[in-house]
Amino acid sequence: MRRALVIGNSGGIGGALAGALQESGVAVTGLSRSEHGFDVTDPASVEAGMAGLSPGFDMILVASGALTVVAPRPEKSLAELTAEEMAAQFAVNAIGPALVLRHVPRLLRRDGRGVVAVLSARVGSIGDNRMGGWYSYRAAKAAVNQIVHGAAIELARSHREAICVALHPGTVATDFTKAYAGRQKLAPSESAAHMLGVLDGLTPEDSGGFFAWDGERIEW
């Protein structure tokens, strides 16, 4: 693998993914809001940033996301639902990655194995939801899972060796999760190493799937 694109490379997980790839000799291109003004919630920003990239990436990783945007914490009950938080969640966690995926057919290599992975979350699994709550975040992640699955089907028609999946990074010790004590958390570097290992072992037959950091296939 020679070239990789990491969307959200200034975040904890995105930075760890970019660092691990660079350490293995991969030329990494990063796009983030803090470093490059690349805002996944702004269609014009995504269009400008992606249009400036040249084709031929071996790997494209979308590591942007937010647990909350407007609300102080994920909802614990239906009474806490607001249209503002739900719309903001969909903008950053579903629509933003979809806008990035629009450019994947042009940017991903066609002459060999190409990998696309979008960071999702286990709580986006409808079948695995046994606790309720976190309505906006769960719904946005379930939506991005559907978008990834559809993108994989379309991509297979033009990129025969493409692998396009949703990835759950685990509970990672970043600013994203610092308010949630008591959970066993992975270091960003540990999560990144596991996820890259999972991606390395996937084949085109796995495209369209939803996988955890440890390689477990997660139900939709």
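Accessible areas come from the Shrake-Rupley method with a 1.4 Å probe; for residues, only the protein chains shown count as cover. This is a predicted model: local features need pLDDT of at least 70, side-chain atom pairs count only at pLDDT 80 or more, and totals for chains, interfaces and linings use all residues. Residues are numbered from 1 along each chain as its sequence is written, and side-chain values use heavy atoms, with hydrogens and water left out.

User: What share of the exposed area of the protein chain do carbon and sulfur atoms supply?
Analyst: The protein chain exposes about 10,400 Å². Of this area, carbon and sulfur atoms supply 53%.

User: Which residues of helix α3 are buried?
Analyst: Helices are DSSP runs of H or I with at least four residues, strands are E runs of at least two, and both are numbered from the N terminus. Buried means under 20% relative accessible area, exposed over 50%, and partly exposed in between (1.4 Å probe, protein chains only). In α3, residues 43–51, the buried ones are Ser45, Val46, Gly49 and Met50.

User: Why are these buried residues on the same side of α3?
Analyst: The arc is taken from the directions that run from the helix axis to the C-beta atoms. The buried residues lie on the same side of α3 because they cover an arc of only 115°.

User: Which residues are exposed on the other side of α3?
Analyst: The side in question is the one opposite the buried residues of α3. Exposed there are Ala44 and Ala48.

User: What percentage of the residues in the protein chain is buried?
Analyst: The protein chain has 220 residues. The buried share of them is 46%.
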